[in-house]
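Please open the model in a viewer and keep the selection tool at hand. The tour below proceeds from one selection to the next and states what is found at each stop.

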Amino acid sequence: MKHIGIYPNLKKQNVEYITKDAIKWLKSKGIHVYIPEEAYQHLNIPVNIPLEESLDKLDLVISLGGDGTLLRVAREVSYKEIPILGVNFGHLGFLTELEIPELFKGFNEVINNNYFIEDRMMLKAWFENPDLKDKNFYALNDIVITKGSFARLIMLETYVNDEYVETYPADGLIISTPTGSTAYSLAAGGPIVNPNLNLLLITPICPHSLYTRSLVISDSDKVKVKIIADHKDIMLTVDGQQGFRLKPEDEVNIGKADFNTKLIRLKKRNFYEILRKKLKERT
């Protein structure tokens with residue numbers, strides 16, 4: 001293992017010191033370290049080849065921040081099948097593997113190949129409209145179609161494998177991976193799903209209906225959503241971090257991506273124990 005990238009969340013407290021310590025420690029082991037171009041300037045470090053230009057040579061990427069940081073990193077590097085080691089700052093994370101006190105012990109395990117890979121499925125959203133052919137979006141948690149600031153419902157005509165399912169009168173629609181089942185989908189009343197399963201969740205947001213529930217479908221299925229609305233304040237959001245404005249009559253296709261996010265694990269994780277602790281934090 002000779003080439004490692006570090007993605008620091010520069011908004012996190014103490015991330016500057018920890019990033020510099022991590023770089024120093026890894027370099028002492030003979031490892032070439034790459035960080036994003038903006039991080040060189042922020043940390044006042046002599047500029048090396050930026051991480052963005054080094055993806056093809058990286059053995060792994062370290063995400064310094066939390067689950068949100070890891071989501072962003074996954075979208076940027078997973079298509080290259082680069083494993084990600086998540087380091088958590090603050091509260092317990094569903095996705096991150098290390099806490100700050102165990103940082104260098106964990107690094108040592110990784111460079112000695114004492115780890116395994118956990119694959120997490122990702123989503124892809126795309127358009128049939130020729131004007132939007134180059135607009136592809138990838139998500140580890142979820143892809144959401146939602147109304148904007150107008151207090152008016154939108155109609156979401158939904159198909160699975162081109163078979164009509166329902167037209168949801170709602171504030172929006174969440175298409176989620178099992179990983180994302182504990183995120184926005186859960187808040188909208190969706191089920192909690194073990195992340196090792198391969199499936200998709202369709203969960204309406206505030207549906208104007210007495211019987212609408214989440215729908216669980218196969219990971220090989222393709223979802224198509226046609227937007228019916230009399231206003232243009234409609235958004236597609238990706239992992240709650242990227243946004244793209246939609247128009248009435250747009251059709252969004254969503255399915256499983258051709259690649260997974262590869263998470264580095266140092267120990268077996270008890271999903272249900274993490275779930276209990278994480279959800280208890282929110283009460």
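In which loop is Glu249 found? Select Glu249 in this predicted model: the residue is in the loop between strand E16 (242-246) and E17. Its phi is near 80°, a positive value in a residue other than glycine. Most residues other than glycine have a negative phi. With a relative accessible area of 48%, Glu249 is partly exposed.

**The two domains**

Colour residues 3-115 together with 266-281 as domain 1, and residues 122-258 as domain 2. The centres of domain 1 and domain 2, taken over C-alpha atoms, are separated by 29 Å. To the contact between them, domain 1 contributes 13 residues and domain 2 contributes 15 residues.

**Strand E17 and its partners**

Next, select strand E17 (251-265) and add strand E6 (residues 116-127). E6 and E17 run antiparallel and are joined by 11 bridges. Within this pairing, Phe127 stands opposite Val252 in E17. Now add strand E14 (residues 223-228), which is also antiparallel to E17 and is joined to it by four bridges. Here Val223 has Ile254 of E17 as its bridge partner.

**The nonpolar cores**

Display the side chain of Val252. Together with Leu246, Val252 has the most contacts inside the largest nonpolar core, a group of 29 residues. Strand E6 gives the most to this core, with four residues. Apart from it lies another core, of 25 residues, including Tyr40, Ile62, Phe89 and Leu98.

Which residues does Val252 touch, beyond those up to four places away in sequence? The list comprises Ala125, Trp126, Phe127, Ile145, Val223, Lys224, Val225, Ile227, Leu236 and Leu246.

**Thr158**

Move to strand E9 (residues 154-160), where Thr158 has its place. Is Thr158 buried or exposed? Its relative accessible area is 0%, so Thr158 is buried. Neighbours within four places in sequence aside, Thr158 is in contact with Glu163, Tyr164, Val165, Glu166, Tyr168, Leu173, Val223, Lys224 and Val225.

**Helix H1**

Select residues 15-28, which form helix H1. This helix has 14 residues and reaches 20 Å from its first C-alpha to its last, close to the 20 Å expected at 1.5 Å a residue. Highlight Val15, Ile18, Thr19, Ala22, Ile23, Trp25 and Leu26, the buried residues of H1. Seen down the helix axis, the buried residues of H1 fall within an arc of 165°, so they line one face of the helix. The face turned away from this buried side carries the exposed residues Tyr17, Lys24, Lys27 and Ser28.

To see what surrounds the buried side, add E1, strand E2 (32-34), helix H2 (37-43), E3 and H4; the buried residues of H1 pack against these elements. Just after H1, Gly30 takes a positive phi of about 80°.

**Helix H4**

Proceed to helix H4 (residues 103-111), in which Leu103, Gly106, Phe107 and Val110 are buried. Viewed down the axis of H4, its buried residues fall within an arc of 105°, so they line one face of the helix. Against what do the buried residues of H4 pack? Their partners are helix H1, strand E3 (60-65), strand E4 (84-88), strand E5 (98-99) and strand E17.

**Asn113 and Met1**

Just beyond H4, select Asn113, in the loop between H4 and E6. Although Asn113 is not a glycine, it has a positive phi of about 60°. Asn113 is exposed, with a relative accessible area of 53%.

Asn113 is one of the residues that Met1 touches, residues up to four places away in sequence not being counted; the others are Ile31, Asp59, Leu60, Val110, Ile111 and Tyr115. Met1 lies in the segment before strand E1 (3-8). Its relative accessibility is 29%, so Met1 counts as partly exposed.

For the last step, draw a distance from the C-alpha of Met1 to the C-alpha of Tyr211. These residues are 210 residues apart in sequence and 53 Å apart in space.

Key
Residues are numbered from 1 along each chain as its sequence is written. This is a predicted model: local features need pLDDT of at least 70, side-chain atom pairs count only at pLDDT 80 or more; totals for chains, interfaces and linings use all residues. Side-chain values use heavy atoms; hydrogens and water are left out. A nonpolar core is a set of buried Ala, Val, Leu, Ile, Met, Phe, Trp, Tyr and Cys residues joined through side-chain atoms within 4.5 Å. Buried means under 20% relative accessible area, exposed over 50%, partly exposed in between (1.4 Å probe, protein chains only). Helices (H or I, at least four residues) and strands (E, at least two) are DSSP runs, numbered from the N terminus. Contact means heavy atoms within 4.5 Å. The arc is that of the directions from the helix axis to the C-beta atoms. Two strands pair if DSSP finds at least two bridges between them. The expected span of a helix is 1.5 Å times one less than its number of residues. Domain bounds come from an automatic or database domain assignment.
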